[in-house]
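Biologist: I am new to this structure and would be grateful for a careful, close look at a single part of it. Please take the surroundings into account once that part has been described.

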Amino acid sequence: MSVIENISFDHSELLRFITAGSVDDGKSTLIGRLLHDSKSIFEDQLSAIAHTSRKRGMEAVDLSLLTDGLQAEREQGITIDVAYRYFATPKRKFIIADTPGHEQYTRNMVTGASTANLAIILIDARKGVLTQSRRHAYLASLVGIPHLVVAVNKMDLVGYSQDVFERICQEFHRFVAGLNLKNIAYIPMSALNGDMVVERGSNLGWYKGMTLMDLLEKVPVDHDINLEDFRFPVQLVCRPQTEEWHDFRGYMGRIESGSISVGDEVQVLPSGLTSRIREIVTYEGNVEDAVAPQSVTLTIEDHLDISRGDMLVKTSQLPQVTKEFDAMLCWLSEQSLDSRRKYLIKHTTRVVKAVISRIDYRLDINTLNHDAADTLKMNDIARVSLKVHQPLVWDAYPRNHATGSFIVIDEVTNNTVAAGMICPSKGQG
Amino acid sequence: MDVILNQMDEFAPVAGPVAGLVMKNEPVVIKRRVVRQLGHLEALESEAIHIMREVAAECANPALLFSGGKDSIVLLRLAEKAFRPGRFPFPLMHVDTGHNFPEVIEFRDRRVKQLGERLIVASMEDSIKQGRVVLRSENQSRNPFQSVTLLDAIAEHGFDACIGGARRDEEKARAKERIFSFRDEFGQWDPKNQRPELWDLYNARVHPGENIRVFPISNWTELDVWEYISREGLEVPHIYFAHRRDVIRRGSGLLPISHLVQPKEGEKVENLMVRFRTVGDMSCTCPVESAAVGIGEIIAETAITRITERGATRMDDQTSEASMELRKREGYF
């Protein structure tokens, strides 16, 4: 067992990332390479896909079989939806949301991206920046993924040319200039040969930056959570009413952003009543302070009427409380938007009735043009105005993902039909 | 509460409200008011607690599936963290195949008693007596028929949600399953018709007769589970630790000798040091050879293991490439 002596599991962090691109870009090979070179492929998985490869008459083991799974998919040769993969290095644990490149790309990518800290956009070095790459970059910026890696793959097929790489970088950089993407890293690689994925290889000596794995291990993950504004949506009210806990009244939930300490003044929204934090209760005992994304139980000094759906905030950092707001909406359902109907919105821990009162524009995701529209179909993205029955307590999505996102539910079918991201209100910037 | 991050932020220099705290002459030191970064186990734990509380809030009549296995042992600790000092807002339920390891049943009952929570046992023997499950032979694996007993129990008690300990790293059908996984009135999972799941906004709404399976530790791996058991000091049934046991080699695995499994002609009984990586139906759950007598050693073995948990230990998952998917479609966990 001496092999593991150097592995320390303490304090390793979690990085969630998404891979955008199609099989043609070598996406499956890249994932296979990451899993393989980080020793995360198991022997029985490898022998199962080797068996399948042989059955299908292939000569070599098809690594892409690792990332497609279900019988329905194999029958139809397609990939359904998002699949999650896990691997770990001594430094970090990783969750890959693997989304298919072509079919229903918007729906799938938005779903996978919603929890990602980082997106890898694959570009085939021979083809350069395509419409698809732009689409992926736009969606990454829409969903506000903090870090983007442009993986210029198949460098082996362009003679590992630095010129080709730099031309692609410049082109991509020009395209994303108007988008809200701050941290972009460009890495030339050959997933097939393993250059610059986990190992540096010997073919890209002119590139002095980090390998993909290096970057995945070092990119900071704490930027994603808003550390400024304390937001605590109440999930449950805990009233044990036992002898020992007779008067206990705790508010259970997860700190979605910011931090809180005993004694801090808090405001309950939407009611606006104020109090102070008395205790921060955890299973391990009471603590003096807590930080996002911890799940805790809070008690306050005063006896206020607080229930699920209410939000505790610090009085110095107030969110918006309104019944009307604008949002970017991504329509996910095969059933189109019917603007005459009422839908349900789930936002933090609050569910309210809503109408989509206006479609400002529908976005052409390939040209980024704004089109007029009176309905939305699956994979459409639009800016809309909404009216809700009860006020929501929100921040604009770019400032706070947790309090700026919502899903739309069809009350009749109970399906999740759309995902929304609240826009900054006018004049707020 | 200021902390100094002693590592240069190469990728993205901190900007905005904290930038003013950067000391001019020491560009590699960034000072900011961050309490701390959660480790990956803490992050996974918080996610799972949040999920359990959402179930409690949004579902009218949930249950937590507890088998006495390591994953559901973790679920119970997470439920304690989610709901104490209150009681669990749901009963525990075990689908008892009648083929369980006696050590596991003993452990199950003891743990439930410690917690002071309610346990419902849905018995496959009952399903067999009622003619709902028909077996070819007394000793065959009962795993595939658990779905019948589970669905019957869900109907009988009117559960609209069942919390289970399945993980996405176990199997490729699981890798594509949602955390809140919708089942129709026949308990079936339709992989092509899953609800989109975004951020941490879970949709638990169902019509009468339908239910949701909820998997709070979807994003955990086998290694995470063991690390968590170690960190929390949780007790697990002894059969998870290496012990001497009579086994035979059958197919690619070892099978434990019991009243259900006897050597066939030509099979030799060996007495080996083994441990179980999963605890299921005695007739098809294979132990692995191991010298790991403590949790630290199990973690060490898991960290370098080369075979997936189910690949090594479940004969029923090896019958076809899609066996888990097919069982899930029929209502399996």
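Where I would like to begin is H7(B): how many of its residues are buried, and is it enclosed by the rest of the structure or open?

Modeller: This is a predicted model, and everything that follows should be read in that light. In H7(B), nine of the eleven residues are buried, so this helix is largely enclosed by the rest of the structure. The buried residues are Glu222(B), Leu223(B), Asp224(B), Val225(B), Trp226(B), Glu227(B), Tyr228(B), Ile229(B) and Glu232(B). Just after the helix, Gly233(B) takes a positive phi of about 60 degrees.

Glu232(B) deserves a closer look, since it forms a salt bridge with Arg77(B) in which the closest N and O atoms are 2.8 Å apart. The two partners belong to distant parts of the chain, for Arg77(B) sits in helix H2 (residues 70-83) of chain B and Glu232(B) in helix H7 (residues 222-232) of chain B, 155 residues apart. Both ends of this bridge are buried: Arg77(B) has a relative accessibility of 11%, and Glu232(B) has a relative accessible area of 15%. Side chains of opposite charge can pair when their charged atoms come close. The bridge also belongs to a network of salt bridges that links Glu284(A), Glu45(B), Arg77(B), Glu80(B), Lys81(B), Arg111(B), Arg231(B) and Glu232(B).

Elsewhere in chain B, Glu117(B) forms a salt bridge with Arg84(B), with the closest N and O atoms 2.9 Å apart. Glu117(B) lies in the loop between helix H3 (102-115) and strand E5 (119-123) of chain B, while Arg84(B) lies in the loop between H2 and strand E4 (92-96) of chain B, so the pair ties together parts that are 33 residues apart in sequence. Here the two partners are not covered alike, since Glu117(B) counts as buried at 10% relative accessibility, whereas Arg84(B) is partly exposed with a relative accessible area of 21%.

For a comparison from chain A, Glu411(A) forms a salt bridge with Lys353(A), where the closest N and O atoms are 3.9 Å apart. This pair links Glu411(A), in the loop between strand E21 (405-409) and strand E22 (416-422) of chain A, to Lys353(A), in strand E18 (residues 350-363) of chain A, across 58 residues. Glu411(A) counts as partly exposed at 31% relative accessibility, and Lys353(A) counts as partly exposed at 37%. Over all chains, the structure holds 49 salt bridges, while a search of the whole structure finds zero disulfides.

Strand E18 of chain A leads on to strand E20 (residues 381-394) of chain A, as eight bridges join E18(A) to E20(A) and the two run antiparallel. Tyr361(A) stands opposite Arg383(A) in E20(A). Strand E16 (residues 320-331) of chain A also pairs with E20(A) in the antiparallel sense, over ten bridges, and Ala327(A) stands opposite Val384(A) in E20(A). E20(A) is mostly covered, with ten of its 14 residues buried.

The nonpolar cores complete these surroundings. The largest nonpolar core has 81 residues, of which Phe17(A), Tyr138(A), Phe172(A), Leu212(A) and Ile381(A) touch the most other members. Its largest share, seven residues, comes from helix H6 (residues 162-176) of chain A. Apart from this core lies another, of 71 residues, including Tyr86(A), Leu76(B), Ala161(B) and Val236(B). Leaving aside neighbours within four places in sequence, Leu212(A) is in contact with Leu30(A), Leu34(A), Ile120(A), Val149(A), Ile187(A), Met189(A), Met196(A) and Val197(A).

Finally, chain A has an open sheet of six strands in the order E2-E3-E1-E4-E5-E6, with mixed pairing. Strand E2 (83-88) and strand E6 (183-188) of chain A stand at the edges, each with a single partner strand, so one side of each is left without a neighbour in the sheet. H6(A) lies across E4, strand E5 (147-153) and E6 of chain A, running at about 160 degrees to E6(A).

Methods:
Residues numbered from 1 in each chain as written. Chains lettered and ligands numbered in written order. Predicted model: local features only at pLDDT ≥ 70, side-chain atom pairs only at ≥ 80, totals over all residues. Heavy atoms only, no water. Salt bridge = Lys/Arg side-chain N within 4 Å of Asp/Glu carboxyl O. Helix = DSSP H or I, 4+ residues; strand = E, 2+ residues; numbered from the N terminus. Buried < 20%, exposed > 50% of the residue type's maximum accessible area, 1.4 Å probe, protein only. Disulfide = S-S within 2.5 Å. Core = buried A, V, L, I, M, F, W, Y, C linked by side-chain atoms within 4.5 Å. Contact = heavy atoms within 4.5 Å. Pairing = 2+ DSSP bridges. Axes fitted to C-alpha atoms, helices over the stretch in contact; angles between N-to-C directions.
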